[in-house]
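Dear colleague,

I am passing a structure on to you with this message, and below it you will find some notes on what turned up when I went through it. Please keep it open beside you as you read.

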Amino acid sequence: MKEIVLIKVGEIVLKGLNRKNFESMLIKNMKNALRGADRCKITSSQSTIRVEPLDEDADIDEICERISKVFGIVAFHRAAVAEKNMDSITEVALKYLEETLGGASTFKVEAKRSDKKFPLKSPEICRELGGIILQNHNHLSVDVHNPDVQVTVEVRDLGAYIHASVIKGAGGVPVGSSGNGTILISGGIDSPVAAWMMAKRGLRLNAVHFASPPYTSQRAEDKVVRLLKKVSAYAGNITMYTVPFTEIQEKIKNDCPEELFTIIMRRLMMQISQRIAKDTNSSCLITGESLGQVASQTMPAIVTTDEASDMVVFRPLIGMDKEEIIRISRKIDTFDISIEPYEDCCTVFTPKHPRTKPVLKYVKEAEEKAGFDEMIERAVSNLKITNITP
């Protein structure tokens, strides 16, 4: 019995004249996600995308697992293929759904007749198939309001499809449809979640990570690579730029007021990340900040940090509490990596009493007095580039 996957798109249907472009991008992303899996043919017709395995022994479970992480898909179905006549539809439905119906008490049949040349109308398809199911499963009864199983028949131009379950997709819009963004990523819980959330809104991602050996270890950098690997399962290929930050952090420690260490560090990170973003055609920066979570994430601190960059900064976690962020991190499988005890540079030289209400004038004076321009140039000139693939 031939089995395929039927894709249901979400927001894409609202895109009007741009819908075709969004669908093309989604199909391209699906092909990338399925690369390395069993061969599949992907086609689009009548508002539904059809994924057809080309090998008889294809691993449908793996195909569905990969599809479930492609942004732009709201739901999908594993469906059996039948010929467009009632004899074939009923035969395939009884065989394909035998186990599912055998474990249920109630059912209903829904029909979608997109091919208007099919001789029976939707209510007639429901009555005929429902009657045959009742004849073959004496324990079942019909419940049109809250059935244990909803059997759906879709009669389309390319064939008839039978399915009885819906699998939730990743939602959002196709990666790449909103342009490019650069995420400032540490090894913590927040920034991988922020990256995932902006990829869900269609941004293709680059990543900037700051390393300060010997204060941070290679394991800390490797941890970030593994986090981005998890995000790339949804976001596609990500280029990670590792910035050598030791010299700058030591300069901050030696020449800046202690209570301003963190805010000055954040401002310099923004300046460097903006340089990288502009060089890689990114239109925005992304951070994992949540308002009030730590001293550098108070409103005055965020305003002071933003002044260091003339590029828009997206903070998708800004109104979320830690439990909400952790819930998403578990969902995308980054939480256990994030809590590994390899510290990133954000914890280096942390002041005992950080300034929660920094005054921009004094922060800029401290920066200018210390003088970081040459160090920033050296850092940008000595980036380490890592290509991360799903």
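**A strand, a helix and a strand**

Strand S10, helix H6 (residues 190–200) and strand S11 together make a right-handed β-α-β unit, and I begin there although you should bear in mind throughout that this is a predicted model. Within that unit S10 and S11 run parallel, and five bridges join them; as one example, Ile-183 has Ala-207 in S11 as its bridge partner. On S13, the bridge partner of Ile-183 is Ile-286, and the strands S10 and S13 also run parallel, joined by two bridges. S10 is mostly covered, since four of its five residues are buried.

**The sheet around it**

These strands belong to an open sheet of six strands with mixed pairing, in the order S14-S13-S10-S11-S12-S15. The edge strands are S14 (313–314) and S15 (384–388), each of which pairs on one side only. As general background, strands of a sheet pair through backbone hydrogen bonds, and they may do this in a parallel or an antiparallel way. Strand S11 (residues 204–211) is joined by six bridges to strand S12 (residues 238–244), and the two run parallel; in this pair, Val-208 stands opposite Tyr-241 in S12.

Helices lie against this sheet as well. Helix H7 (residues 218–235) lies across S11, S12 and S15, and runs at about 160° to S12. Helix H9 (residues 261–279) packs on the sheet too, where it touches S10, S11, S12, S13 and S14, with a direction that makes about 140° with that of S11.

**The nonpolar cores**

It is a general tendency in soluble globular proteins that nonpolar side chains are buried together. In this model the largest nonpolar core has 34 residues, and the members that touch the most others are Phe-210, Phe-245, Ile-248, Ile-252, Ile-264, Ile-272 and Phe-372. At least two residues of this core come from each of S11, S12, helix H8 (246–255), H9, helix H13 (360–370) and helix H14 (373–381), and H9 gives the most, with ten residues. Which residues does Phe-372 touch, if those up to four places away in sequence are not counted? They are Ile-248, Lys-251, Ile-252, Cys-256, Ile-264, Leu-268 and Glu-367. There is also a second, separate core of 33 residues, which includes Met-197, Met-320, Ile-328 and Ile-332.

**Charged pairs**

Side chains of opposite charge can pair when their charged atoms come close. The count of salt bridges in the model comes to 28, and a few of them may be worth finding on your screen. Arg-50 and Glu-52 meet through their side chains at 3.0 Å, N to O, and both of these residues are buried. Arg-156 and Glu-154 form another salt bridge, in which the closest N and O atoms are 2.8 Å apart, and both partners are again buried.

In the salt bridge between Glu-62 and Arg-66, the closest N and O atoms are 2.9 Å apart, and both residues lie in helix H2 (residues 60–67), four residues apart, which is about one turn of the helix. Are Glu-62 and Arg-66 buried or partly exposed? Glu-62 counts as partly exposed because its relative accessibility is 29%, and Arg-66 is partly exposed as well, with a relative accessible area of 24%. Finally, Arg-266, Glu-289, Asp-306 and Arg-315 are linked in a network of salt bridges.

With best wishes

Definitions and conventions: Residues numbered from 1 in each chain as written. Predicted model: local features only at pLDDT ≥ 70, side-chain atom pairs only at ≥ 80, totals over all residues. Heavy atoms only, no water. Pairing = 2+ DSSP bridges. Contact = heavy atoms within 4.5 Å. Axes fitted to C-alpha atoms, helices over the stretch in contact; angles between N-to-C directions. Buried < 20%, exposed > 50% of the residue type's maximum accessible area, 1.4 Å probe, protein only. Right-handed = clockwise from strand over helix to strand, strands pointing away. Core = buried A, V, L, I, M, F, W, Y, C linked by side-chain atoms within 4.5 Å. Salt bridge = Lys/Arg side-chain N within 4 Å of Asp/Glu carboxyl O.
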